[in-house]
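Please look through the sequence and the model below before reading on. The report that follows describes a few residues and the nonpolar parts of the fold.

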Amino acid sequence: LVLPCKATHTMPLTRLILIQHGLAVTEAVDPSRPISEEGREEADKMARHLSACSLGSRGVLAETMLHSGKLRAEQTAQIFCTPLGAKRLDKVDGMGPNDDVSAFWDRVCEGQEGSTLSLCGHLPFLDRLAAQVLGKERVVSLTNCGPLCLEKDSTSGAWHISWLLPVAALLHSS
């Protein structure tokens with residue numbers, strides 16, 4: 001089942017960038033589970049890398065960055081926001097690890113302003129969202145701070161994977 005975008009605004013959603021939050025500290029260390037120093041460093045390095053390169057058909061740019069509201073997702077989104085040029089950073093309900101991806105997609109797509117949306121959240125939600133948007137049972141398993149970019153073909157209207165950049169690939173390349 002491919003989820004259609006029902007939005008009718010002037011710039012329909014054509015790119016979706018999914019980012020799993022940075023590596024978090026354990027609940028024993030801090031019950032609010034902020035990102036760890038390692039997670040912060042990985043997020044910063046990935047965000048700077050994406051800012052410096054042009055991936056996909058229109059380069060990396062996120063008009064809007066949404067996060068789940070959990071501290072680790074918010075902190076990661078804040079790190080990615082400026083380097084990706086996001087004009088808006090907001091918390092959105094319905095992005096919890098086990099939330100309904102269909103309901104989320106319909107609701108978020110309806111209100112999307114701009115062609116590129118970045119989501120910073122949790123597994124398995126982001127993996128399931130990618131699979132459902134692409135009409136597949138399973139697509140990929142995201143890793144902490146490793147973005148997945150999905151793009152919508154302007155002719156067919158079908159969504160496809162444009163690129164995936166696991167943080168391990170970036171860390172080993174330096």
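Thr26 counts as partly exposed because its relative accessible area is 45%, where partly exposed covers what lies between buried (under 20% relative accessible area) and exposed (over 50%), using a 1.4 Å probe and protein chains only. Thr26 is found in the loop between β1 and α1 (37-52), with helices (H or I, at least four residues) and strands (E, at least two) taken as DSSP runs numbered from the N terminus. This is a predicted model, in which local features need pLDDT of at least 70 and side-chain atom pairs count only at pLDDT 80 or more, while totals for chains, interfaces and linings use all residues. Residues are numbered from 1 along each chain as its sequence is written, and side-chain values use heavy atoms, leaving out hydrogens and water.

The two loop residues can be set side by side.

| Residue | Loop | Relative accessibility |
|---|---|---|
| Thr26 | between β1 and α1 | 45%, partly exposed |
| His122 | between β4 (116-121) and α4 (125-134) | 2%, buried |

Leaving aside neighbours within four places in sequence, His122 is in contact (heavy atoms within 4.5 Å) with residues including His21, Ser68, Lys70 and Met95.

The largest nonpolar core, a set of buried Ala, Val, Leu, Ile, Met, Phe, Trp, Tyr and Cys residues joined through side-chain atoms within 4.5 Å, has 24 residues, and Leu119 is among those with the most contacts inside it. Its largest share, six residues, comes from α4. A second, separate core of 23 residues includes Ala47, Leu165, Val167 and Leu170.
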